[in-house]
Amino acid sequence: MADVFEEEESEQTISINEYLKEVEDQELEADLVLGGDEGKECTYNNGYIKRQAIFSCLTCTPDGNAGVCTACSLSCHDGHEIVELWTKRNFRCDCGNSKFGEFFCKLFPNKEVENVDNSYNQNFKGSYCTCRRPYPDPDVEEQVEMIQCCICEDWFHEEHLGLESLDEIPRDDEGEPLYEDLICQACAVVCSFLILYPPTIWAVCKQHDATAESVKGKDLVKDVPSDCGSSRVHDDDDTSYEVPMGDVAIPDGISGSMSAGEGLLAGGKPEQKKILNVCSQDVKISNSCVLQVNLLFAQPVAERNKAVFLTKNWRDILCRCENCIGFYAQKGITFLLDKEDSIAEYEQMAKQKREEKLQQQQGMELNFLSKLGHVEKMEFLGGIADMKNEICSFLESFDSSKPITSADIHQVFDNLAKKRKRVW
């Protein structure tokens, strides 16, 4: 029996450095999710924020037709049934508006009746994926992480992405994702125009990287002869016209077979690649279309759509000509051209805010010391040195196989107090 208790105690053992590292990791993870928002002020006055952490209160709005910011989730809805939605784009805090009945926001009560530009999906009711299950799922023993679609912002179980095998999900040997964004099966229909871009935007499984030649020739691409001249695209009136073609390649399983035949990918010609580079660097409207196809009148349609995975910075190559921008607006996906819309940019901004906050804290500490007199400053620094030495002595003499208890911590501070008394 004693051996069992010793085994349990040894499992609980953790070093100070490990504990501090764990705390730091948790703080960083929270900052990444919340975008560096400390949750002190309602974000309503900031309007429709490009991306922010949003929560749904099922206690106040069981229909899932409202969302609140971080500060309101903490101050106004403490103790309520809250659904954490991670981040939502172009959203304005609803807390206390007409959807909440007689409930008023404690932080900013003077809100408009409704935020008409807000969008809500099944996540606000606590349902996710095509299976419409909650997360965490009470009927499942082992919770499985889900992946968010960058278009509809819903979350999906890997087995519900319409893939033939989970091996199609690009991961490295450690199981970490090799992709930046996912487009779910339903949104792949809206984004079928992406097959017209170079195959470099598609994230591929690590197992395919071993032999580049086999990848190019067999598994992932279908080559179109350079003398094919052109191919046809059908427009909305079921008429067709010629599309110039070069030596191109289409990822297998992504393009499927197109309405006008396989191989509708422009971008193989050197002059087209040159236009592509210029267009990706200039966010303004360009008169030169990368695709050389007017998407407003015609776009490729796959016979079979499934979820697709995209590489880092794939949005940068999207064409910004007048026609393509008109097409994005028509499909409601103009946000793809906004750098601040991406999760990667959101997390990068959160890291910058965290660094600024840490630097500010260090500045406050230095400012505090600068205001102290010479004697006070020496006493303060001496106290820090004594504490550091006492903790080091404790750790050196302590049995690392045993857990640190509250009595041990009290003993450290008692020893410090005795040392200070002896000095004085």
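**Group meeting: cores, strands and confidence in a predicted model**

Good morning. Let me begin with phenylalanine 193, which, once neighbours within four places in sequence are set aside, is in contact with Leu295, Pro300, Leu318, Phe327, Tyr328 and Ile333. Please keep in mind throughout that this is a predicted model.

Phe193 also belongs to a wider group. The largest nonpolar core has 56 residues, and Phe193 is listed among those with the most contacts inside it, together with Ile151, Ile183, Leu194, Tyr197 and Tyr328. Several elements each supply at least two residues of this core: β2 (82-91), β4 (155-156), β5 (181-183), α4 (185-190), β10 (308-310) and α7 (322-331). Which element gives the largest share? That is β2, with four residues. Apart from this core lies another, of 15 residues, which includes Cys69, Cys72, Cys105 and Tyr346. As general background, nonpolar side chains in soluble globular proteins tend to be buried together.

I turn next to the partner of β2. Strands β1 and β2 run antiparallel and are joined by seven bridges. One residue pair may be named here: cysteine 57 has isoleucine 82, in β2, as its bridge partner. Strand β1, residues 49-57, is largely enclosed by the rest of the structure, because eight of its nine residues are buried.

A charged residue also deserves a moment. Glutamate 158 is found in the loop between β4 and β5. Is glutamate 158 buried or exposed? Its relative accessible area is 19%, and the cut-off for buried is under 20%, so glutamate 158 counts as buried. Not counting residues up to four places away in sequence, glutamate 158 touches Ile147, Leu166, Ile169 and Arg171. With arginine 171, the side chain of glutamate 158 makes a polar contact, side chain to side chain, at 2.4 Å.

Finally, a word on confidence. The average pLDDT of the chain is 76, and 67% of the residues score at least 70. Where in the chain is confidence lowest, and where is it highest? The lowest value belongs to strand β6 (residues 221-224), with a mean of 34, and the highest to β5, at 97. Over residues 208-234 pLDDT stays under 50, and the model has 64 contacts beyond four places in sequence for them. Residues 237-283 likewise stay under 50, with 120 such contacts in the model. Where pLDDT is low, the predicted coordinates should not be read in detail.

Thank you for your attention.

Conventions: Residues numbered from 1 in each chain as written. Predicted model: local features only at pLDDT ≥ 70, side-chain atom pairs only at ≥ 80, totals over all residues. Heavy atoms only, no water. Core = buried A, V, L, I, M, F, W, Y, C linked by side-chain atoms within 4.5 Å. Buried < 20%, exposed > 50% of the residue type's maximum accessible area, 1.4 Å probe, protein only. Contact = heavy atoms within 4.5 Å. Pairing = 2+ DSSP bridges. pLDDT = per-residue confidence, 0-100. Polar contact = N/O pair within 3.5 Å; in protein donor to acceptor, adjacent residues only side chain to side chain.
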